[in-house]
Amino acid sequence: DHVSMGMTAATKLRAIVNLAELATAIELLTAAQGLDFRASMLPGAGVKAAYDRVRSHALHLQADRSMSADIERLAAAIRAGDFDNL
């Protein structure tokens, strides 16, 4: 008796990858915000490149607001490969 669970596994994997992209977007936004507060300290070349890429998709958080659009925009950039060559 053989039962293929391949499609179920693929569906679950897609959900896991989506959540990982969102979590990575949140981490990148948090790191960029932290760098903004430490502007007097110069980051390394790779960190600066990642920071610039994040800021091209999401602006500095000046006041309390919903971050969902920024997170989705950054997750889409991750999905599109915008951070692959840093």
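Helix α1 runs past helix α3 in a right-handed crossing. Keep in mind that we're looking at a predicted model here. α1 covers residues 6-37 and α3 covers residues 68-80, and their axes come within 8 Å while crossing at roughly 115°. On the α1 side, the contact is built from Arg14, Asn18, Glu21, Leu22, Thr24, Ala25, Ile26, Leu28 and Leu29. α3 answers with Asp70, Ile71, Glu72, Leu74, Ala75, Ile78 and Arg79. Sort the residues of this α1 with α3 contact by character and you get nine nonpolar, two polar and five charged.

Now for the other partner of α1. Helix α2 takes in residues 45-57, and its axis and that of α1 come within 10 Å, crossing at roughly 110°. Since 65 to 115 degrees counts as roughly perpendicular, α1 is therefore roughly perpendicular to α2. Leu28, Leu29, Ala32, Gln33, Leu35 and Asp36 are what α1 brings to this contact, and Val47, Tyr51, Val54 and Arg55 are what α2 brings. The tally for the α1 with α2 contact is seven nonpolar, one polar and two charged. Leu28 and Leu29 of α1 turn up in the contact with α3 and also in the contact with α2.

Let's zoom in on a pair from the α1 with α2 contact. Arginine 55 sits in helix α2, while glutamine 33 belongs to helix α1. What does the side chain of arginine 55 make a polar contact with? The partner is the side chain of glutamine 33, at 3.3 Å. Is glutamine 33 buried or exposed? Glutamine 33 comes out at 15% relative accessibility, and because the cut-off for buried is under 20%, it counts as buried. Arginine 55 is buried too, with a relative accessible area of 15%.

The surroundings of these two residues are worth a look. Setting aside neighbours within four places in sequence, arginine 55 is in contact with Ala32, Gln33, Asp36 and His60. Glutamine 33, with residues up to four places away likewise left out, touches Arg55, His60 and Leu61. So His60 appears on the list for arginine 55 and on the list for glutamine 33.

Threonine 30 is another α1 residue, and this one is exposed, with a relative accessible area of 52%. Its side chain reaches back to the backbone oxygen of isoleucine 26 at 2.8 Å. How far apart in space are threonine 30 and isoleucine 71? They are 11 Å apart, C-alpha to C-alpha, with their positions 41 residues apart in sequence.

Finally, there's aspartate 82, in the segment after α3. Aspartate 82 is partly exposed, with a relative accessible area of 26%. Its side chain makes a polar contact with the side chain of histidine 57 at 3.3 Å. Not counting residues up to four places away in sequence, aspartate 82 touches Arg53, His57 and Ala77. As for lysine 48, 34 residues away along the chain, its C-alpha atom is separated from that of aspartate 82 by 15 Å.

Here are the accessibility values side by side:

| Residue | Relative accessible area | Class |
|---|---|---|
| Arginine 55 | 15% | buried |
| Glutamine 33 | 15% | buried |
| Aspartate 82 | 26% | partly exposed |
| Threonine 30 | 52% | exposed |

How values were computed
Residues are numbered from 1 along each chain as its sequence is written. This is a predicted model: local features need pLDDT of at least 70, side-chain atom pairs count only at pLDDT 80 or more; totals for chains, interfaces and linings use all residues. Side-chain values use heavy atoms; hydrogens and water are left out. Axes are lines fitted to C-alpha atoms, for helices over the stretch in contact, and angles run from 0 to 180 degrees between N-to-C directions. Helices (H or I, at least four residues) and strands (E, at least two) are DSSP runs, numbered from the N terminus. A crossing is left-handed if the near helix is turned anticlockwise from the far one by less than a right angle, and right-handed if clockwise. Contact means heavy atoms within 4.5 Å. Ala, Val, Leu, Ile, Met, Phe, Trp, Tyr, Cys and Pro count as nonpolar, Asp, Glu, Lys and Arg as charged, and the others, Gly among them, as polar. Angles under 35 degrees count as roughly parallel, over 145 as roughly antiparallel, 65 to 115 as roughly perpendicular and the rest as oblique. Buried means under 20% relative accessible area, exposed over 50%, partly exposed in between (1.4 Å probe, protein chains only). A polar contact is a pair of N or O atoms within 3.5 Å; within protein, one must be able to donate a hydrogen and the other to accept it, and residues adjacent in sequence count only if both atoms are side-chain atoms.
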